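Open the model in your viewer and keep the selection tool ready. Each stop below says what to pick and what to look for there.

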Amino acid sequence: MYQNYVLSKLNVGGTIFQTKESTLARFGGVLNYLVEFETIPPTDEDGNIFIDRSPKHFESILNYLRD
């Protein structure tokens, strides 16, 4: 069955990641705060949420949130 979901793009240290907002909100914390609350997160010139950190381990973090 098709489910509606909202995608977010994140620029983490210059690397673009795309995931569902529900994935970012799964365990709370800063990533949840970026998508759940009515705040305006920092964005890059393309409108992607900008996180000023190394992307080295971020893919592993997203995969953990997805499992």
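Start by selecting T19, which is placed in strand β2. The model is predicted, so read every value here as computed from it. T19 is buried, with a relative accessible area of 4%. Now show side chains. T19 and R66 are joined through theirs by a polar contact of 3.5 Å. Which residues further along the sequence does T19 touch? Leaving aside neighbours within four places, its contacts are V6, L7, S8, L10, L24, L62 and R66.

Step across to S8, one of those contacts. S8 belongs to strand β1. Is S8 buried or exposed? It counts as buried, at 5% relative accessibility. Its side chain makes a polar contact of 3.2 Å with the side chain of E21. Beyond four places in sequence, S8 is in contact with F17, Q18, T19, E21, L24 and V35.

Next, select helix α3, residues 58-66. Colour its buried residues: F58, L62 and L65. Seen down the axis of α3, these fall within an arc of 60°, so they line one face of the helix. The spacing has a simple basis: an α-helix has 3.6 residues a turn, so residues three or four places apart point the same way. Now turn the helix over. The face away from the buried side carries the exposed residues E59, S60 and Y64. What covers the buried residues of α3? The cover includes β1 (7-12), β2 (15-20), α1 (21-24) and α2 (29-36). L62 has already appeared on this tour, as a contact of T19.

Go back to strand β2 and pick T15. T15 is partly exposed, with a relative accessible area of 33%. Setting aside neighbours within four places in sequence, T15 is in contact with L10 and P55. Try a distance label from T15 to V35: their C-alpha atoms are separated by 19 Å, and the two residues are 20 apart along the chain.

Now find the loop between α2 and β3 (49-51) and select N48. Is N48 buried or exposed? At 8% relative accessibility, N48 counts as buried. Outside the four-place window, its contacts are K9, L10, N11, I16, P42 and T43. A second distance label is worth adding, from N48 to R26. Their C-alpha atoms are separated by 20 Å, with these positions 22 residues apart along the chain.

Turn to the rings. How many aromatic pairs does the structure hold? It holds three. One of them is formed by Y33 and F37. Their centres are 5.1 Å apart and their planes are at 40°, which makes the pair tilted. Y33 counts as partly exposed, at 42% relative accessibility. F37 is also partly exposed, with a relative accessible area of 46%. For another ring, select Y5 together with K20. The charged end of K20 sits over the ring of Y5, 5.5 Å from its centre.

For the last stop, select residues 9-67. An unreviewed UniProt entry annotates this range as "domain: Potassium channel tetramerisation-type BTB". The span is 36% helix and 22% strand. Label its two ends: their C-alpha atoms lie 19 Å apart.

Notes
Residues numbered from 1 in each chain as written. Predicted model: local features only at pLDDT ≥ 70, side-chain atom pairs only at ≥ 80, totals over all residues. Heavy atoms only, no water. Buried < 20%, exposed > 50% of the residue type's maximum accessible area, 1.4 Å probe, protein only. Helix = DSSP H or I, 4+ residues; strand = E, 2+ residues; numbered from the N terminus. Arc of directions from axis to C-beta. Contact = heavy atoms within 4.5 Å. UniProt positions renumbered as here; feature names shortened; annotations may be inferred. Polar contact = N/O pair within 3.5 Å; in protein donor to acceptor, adjacent residues only side chain to side chain. Phe/Tyr/Trp six-rings, centres within 6.5 Å; stacked < 30°, edge-to-face > 60°. Lys NZ or Arg CZ within 6 Å of the ring centre and 35° of its normal.
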